[in-house]
Amino acid sequence: REEAAAAVARADAAEAAAADVQAVLHSERQSAGEEMRRLRAQVAAANAAAAREAAEASEALRRAQGAEQSVAVCDTRGEAARGALREMETMLLELVHRVRV
């Protein structure tokens with residue numbers, strides 16, 4: 001009887017220890033799940049921020065390309081204007097020369 005009682009006591013103790021382990025594992029599983037949700041939210045936020053930054057960079061690049069084209073047009077017009085001024089200068093010099101002659 002004593003051995004049986006001791007065996008029952010050991011079994012009860014083992015069962016209680018198993019229940020404690022299960023409780024700890026359940027708690028750790030919940031904590032891990034919460035941490036995983038938190039990390040997923042951080043990753044989603046980081047991805048959204050990266051997407052916004054990529055869109056902003058794309059817009060900035062588009063604007064820079066537009067500005068570059070505008071500069072090229074201005075350069076072309078400036079060169080044409082300089083050419084026209086040179087022609088006018090030549091014509092004026094010719095007129096001055098004719099008037100003197």
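In the predicted model, Arg82 has a relative accessibility of 43% and counts as partly exposed. This residue forms a salt bridge with Glu79, in which the closest N and O atoms are 3.1 Å apart. Both Glu79 and Arg82 belong to helix H1, where three residues, or about one turn of the helix, separate them. Glu79 is likewise placed in the partly exposed class, its relative accessible area being 40%. A further salt bridge joins the side chain of Glu79 to that of Arg86, with an N to O distance of 3.4 Å. Arg86 has a relative accessible area of 45% and is partly exposed, because this value falls between the 20% limit for buried residues and the 50% limit for exposed ones. Glu79 thus takes part in a salt bridge with Arg82 and in another with Arg86.

Another pairing involves Arg38 and Glu35, whose closest N and O atoms lie 2.4 Å apart in a salt bridge. The two residues are three apart in helix H1, which covers residues 2-100, and this spacing corresponds to about one turn of the helix. Arg38 is partly exposed at 39% relative accessible area, and Glu35 is partly exposed at 35% relative accessibility. Elsewhere in the chain, salt bridges link Glu59, Arg62 and Arg63 into a network. The count of salt bridges in the model is five, under the criterion of a side-chain nitrogen of Lys or Arg within 4 Å of a carboxyl oxygen of Asp or Glu.

With regard to charge as a whole, the protein chain carries 14 positive and 17 negative side chains. The centres of these two sets are 10 Å apart.

The secondary structure of the protein chain consists of one helix and zero strands. The radius of gyration is 43 Å, whereas the globule rule gives 13 Å for 101 residues; the chain is therefore more spread out than a compact globule. The C-alpha trace extends over about 145 × 15 × 10 Å along its principal axes.

Separations between individual residues were also computed. Glu2 lies in helix H1 and is exposed, with a relative accessibility of 71%. Between Glu2 and Arg37 there are 52 Å from C-alpha to C-alpha, for a sequence separation of 35 residues. Gln30 is also part of helix H1 and is partly exposed, at a relative accessible area of 44%. The C-alpha atom of Gln30 is 86 Å from that of Met88, and the two residues are 58 positions apart in sequence. Ala19, which is found in helix H1, has a relative accessibility of 41% and counts as partly exposed. From Ala19 to Leu85, the C-alpha separation is 97 Å over 66 residues along the chain.

In terms of solvent accessibility, buried residues account for 1% of the 101 residues in the protein chain. The area exposed by the chain is about 9000 Å², of which carbon and sulfur atoms contribute 60%.

Conventions. Residues are numbered from 1 along each chain as its sequence is written. This is a predicted model: local features need pLDDT of at least 70, side-chain atom pairs count only at pLDDT 80 or more; totals for chains, interfaces and linings use all residues. Side-chain values use heavy atoms; hydrogens and water are left out. Helices (H or I, at least four residues) and strands (E, at least two) are DSSP runs, numbered from the N terminus. Buried means under 20% relative accessible area, exposed over 50%, partly exposed in between (1.4 Å probe, protein chains only). The radius of gyration is taken over C-alpha atoms; the globule rule is 2.2 Å times the number of residues to the power 0.38. Accessible areas come from the Shrake-Rupley method with a 1.4 Å probe; for residues, only the protein chains shown count as cover. Lys and Arg count as positive and Asp and Glu as negative; His and the chain ends are not counted. The place of a charge is taken as NZ of Lys, CZ of Arg, CG of Asp or CD of Glu.
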